[in-house]
Amino acid sequence: MGLLLDSHRRRALARLLLRLNTPLCVVSYLAGVFWFLGLAFSPLTQNTYISENAMGSTMVEEQFEGGEHALNFARDFTAQRRKTGSLPVAWLERTMRSVGLEVYSQSFSRTLPFPDETHERYMVSGTNVYGILRAPRAASTESLVLVVPSSPETLNAQAVGLLLSLAAYFRSQIYWAKDIIFLVTEHDLLGTEAWLEAYHDVNITGMQSSALQGRAGAIQAAVALELNSDVVTSLDVAVEGLNGQLPNLDLLNLFHAFCQKEALLCTLQGKLQHSDWASLGGSLHGLQTLMLMVLRQASGRPHGPHGLFLRYHVEAITLRGINSFRQYKYDMTAVGKTLEGMFRKLNNLLERLHQSYFFYLLPSLSRFVSIGLYMPAIGFLLFIPGLKALELWVKLNKADFGPEEQLGPNHSLVQPFGQDARGVALTPLVAPVLISQATGLALYLLPVMGQHVAAQHFPVAEAEAVVLTLLAIYVAGLALPHSTHRVVSSTPRGPDSGWMALKLVALLYLAIQLGCISLFNFSLGFLLAVTMVPAAALTQPSGPRFLYAVLLVLVSPGATLLGSLFLWRELQEAPLTLAEGWQLFLSALAQGVLDHHLYGALLFPLLSLGLYPCWLLFWNVLFWK
Amino acid sequence: EAGPGSLSRCLAYLTSFPSPSVWQDQAEQLFKSGHTNNWAVLVCTSRFWFNYRHVANTLSVYRSVKRLGIPDSHIVLMLADDMACNPRNPKPATVFSHKNMELNVYGDDVEVDYRSYEVTVENFLRVLTGRVPPSAPRSKRLLSDDRSNVLIYMTGHGGNGFLKFQDSEEITNVELADAFEQMWQKRRYHEMLFIIDTCQGASMYERFYSPNVMALASSQVGEDSLSHQPDLAIGVHLMDRYTFYVLEFLEEIHPASQANMNDLFQVCPKSLCVSTPGHRTDLFQRNPQNVLITDFFGSVRKVELTTETVSLKPDLSSMGYRYLYLTLFLNNWVASGE
């Protein structure tokens, strides 16, 4: 007989599993955590290199000299903006036309689901202006985009000036094989999303935008620029996009190569590059940068206009000019030369960027960790729910006991109703699962739907109403176990089998969710796994219930969000006080809901419809009677 | 056979000149090479802008053979992509071989016979073996005969035993050797010089087995052929090292040059080329020392005026039966008077 069919051997295996389960889980968890922490150290990182043969090296002669011209444009732009109070569309159109581009504009409007307190807007309408530089000797089949987002808070006037100056310079060159679109958007991300949706002829976020009059071919790559000062001390690059999607690593490698060629100071996550990577200090610095990237990627927010391009399979990065107190400053000409070099190299592309990695983590600009090397970390962590589920299955099937043994007068294997005492009864589980899922659904739908009702009955603004409803439903979920038990029928299969079956289902549910999430957003999956998995594995109704309850609350999705906010600010060396942290948390909640409605960010639905019900199941397990 | 060309050459030799013995040597030399016309098949197999240097390589050799006398009607030029009119070319209608735009090998009288997607393995083999469809125009045919010296130059990306055409197919060294054998059996060449500038180029001539073939390659098996002349204004490498130095060597050659194949073998030593160029002469009947560069790269019509009569001695060992017949006939003709 086979190993698993023979009841003696099966019993032995089952006993072995039960004995080794806890040590295996502990080892697995530690392995996962240490593997993740070791990602910044040498055997797991590689040096970056440009994989795309067509882009080659930085072999190009940059001849851009329009730095002063750019600053003149910037001053005009600022003056015009102050005059009109919004984006000076007529002046932009006129200037772009004088530079030699084909100019078009697009108007858009959107009513937010509730007023946005951070940007102080509710009903947004604006105009995007873009000019197309047609390739002189090629068919307009492909294009590149240079986008500058302009909003009332951040004018990006110098970026607009540089865009216009670069457009004038590019117009006089004959070596462009792709069209170049120079885009200035209003209300930063909203305008960019409106333009992208109209360009690709889709409507996925409910934006009302007018149709585009002029198009330029399939977009191969895009660079977003944000500059707010006449001189910069460094250029910061942002790669994390919507839902944690990342651009092709070659685009970042290209930027890094030009930073080195022009001797520009380039930073990632706002951190300078450490000089010595082999040393411990360098690796720890890399670990800090890596953690910042993980936190930003997990949040799923588009950290710049580039984040919205990625969804349309357009590789994009955002470059931000930072003006700090360092002595050495770079002028607009240096930044312009870097952009010129990048665009000339992107011009040489024959296909979309695809040779390099799409999934990676960056300890620094010159080093990366590829997906093959970081996935084992989450693999180790997801092994634990699997092991625990197997243990519960074994216990429920009483596979560690043979058919001849009796468990005692109270635990006979054949119950009075003739039912077999082994196995998992699924019918009693339907109620807790349905109720948890319904609570999740309420958490997803009610805050936005009920904001007006809440605002009427309580003296709060709509945005606060949404956040407070969110928190209220979240906390109300904690009271569920008391009501669930009235619905749950008695379990005929032994006192423990009810909660064990529920825990089994919950563990599998958690493992599947986290596994699926980590496939497209490793950072989010890992962050949730590292907090929830140990608490989920430990939860049981017996033992120190209060301790388990505290642990479970601490790892609930909301608390993880709060914790990661504190960690993020700590890593940026700008730590928060408790009050500040709480305020930031509330605004993060509002932003999360808004991002979901405005751009289709998935963090809010994932947490409310997926992880929160799962967490509630564990909470039910903990308070099982 | 004794056609009008060879007859006129013989007549030219028969007019006066100071020393008959010197003239006998020169006359013997006339028949030493044994070929009466020259053909060149120049192939660039790579497309895409970053392979600019392969087009520049081929055009450099084209420029040299044209300068040394082979007319366009005897050159089959195959270029897989158009670099001169590529939208990315900042200097349109030019292809430079030296950085800082010193030498434009595109010129204004380039005739490309097979262009763009017509450069395929099938078309190349059809050109070599003569199996072109009846509709193929004259410019696309290699109309060589058994008195033709054929120069074949190939460049592109290659590996151990193959050469890549257009990023979609390959020609192997076995196929190439078999094509040359077909050419030999159909009497489509008298002597052939095969030059290849790719990575691991020496693997392409390993399998040749037809007589009268001499081969040169830019690198040995396991070595890469490196590029040269990075030009920042254009943004690509302009030439490959081996062909760059071959071009420099050829620029020194003029139609009356007496430089021989041994000089060509010395071009681009490892110190300049980084790879080790190789050559193969075992299938060739003549000593490379006696093979002039212009035997393959030029189309030399040597005309010498003499006022003396020259009696041509038949030399059975070196000339072969055909020439014996010709010299006997001519001797009789001269002796019988005009």
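The exercises below deal with a sheet and the cysteines of a predicted model.

**Exercise 1.** In what order do the seven strands of the open sheet in chain B lie, and which strands stand at its edges?

Solution.
- The order in chain B is 3-2-1-4-8-9-12, and the pairing is mixed.
- Strand 3 (114-115) and strand 12 (278-280) of chain B each have a single partner strand, so one side of each has no neighbour in the sheet. These two are the edge strands.

**Exercise 2.** In which sense do strand 9 and strand 12 of chain B pair, and over how many bridges?

Solution.
- Strand 9 of chain B covers residues 213-217.
- Strand 9 and strand 12 of chain B pair in the antiparallel sense, over three bridges.
- Within this pairing, Ala215(B) has Arg280(B), in strand 12 of chain B, as its bridge partner.

**Exercise 3.** Which strands of chain B does helix 6 touch? Which strands does helix 3 of chain B lie across?

Solution.
- Helix 6 (residues 241-251) of chain B packs on the sheet and touches strand 4, strand 8 and strand 9 of chain B. Its direction makes about 130° with that of strand 8 of chain B.
- Helix 3 (residues 52-67) of chain B lies across strand 1 (37-44), strand 2 (75-79), strand 4 (148-155) and strand 8 (191-197) of chain B. Relative to strand 2 of chain B, helix 3 of chain B runs at about 165°.

**Exercise 4.** Find how many disulfides there are over all chains, and give the handedness of each.

Solution.
- A pair of cysteine sulfur atoms counts as a disulfide when they are within 2.5 Å.
- Cys259(A) and Cys266(A) qualify, with an S to S distance of 1.8 Å.
- The S-S torsion of Cys259(A) and Cys266(A) is about -80°, so this disulfide is left-handed.
- Cys268(B) and Cys273(B) also qualify, their sulfur atoms being 1.6 Å apart. The angle about the S-S bond of Cys268(B) and Cys273(B) is 95°, and the link is right-handed.
- The count over all chains is two.

**Exercise 5.** Is Cys85(B) buried or partly exposed? Why is Cys199(B) not bonded to Cys273(B)?

Solution.
- Buried means under 20% relative accessible area, and exposed means over 50%.
- Cys268(B), at 3%, is buried, and Cys273(B), at 1%, is buried too.
- Cys85(B) is in no disulfide, and its nearest cysteine sulfur, that of Cys44(B), is 15 Å away. With 45% relative accessibility, Cys85(B) is partly exposed.
- For Cys199(B), the closest cysteine sulfur is in Cys273(B), 12 Å away, which is too far for a bond. Cys199(B) is buried, at 19%.

How values were computed:
Residues are numbered from 1 along each chain as its sequence is written. Chains are lettered from A and ligands numbered from 1 in the order in which they are written. This is a predicted model: local features need pLDDT of at least 70, side-chain atom pairs count only at pLDDT 80 or more; totals for chains, interfaces and linings use all residues. Side-chain values use heavy atoms; hydrogens and water are left out. Two strands pair if DSSP finds at least two bridges between them. Helices (H or I, at least four residues) and strands (E, at least two) are DSSP runs, numbered from the N terminus. Contact means heavy atoms within 4.5 Å. Axes are lines fitted to C-alpha atoms, for helices over the stretch in contact, and angles run from 0 to 180 degrees between N-to-C directions. Buried means under 20% relative accessible area, exposed over 50%, partly exposed in between (1.4 Å probe, protein chains only).
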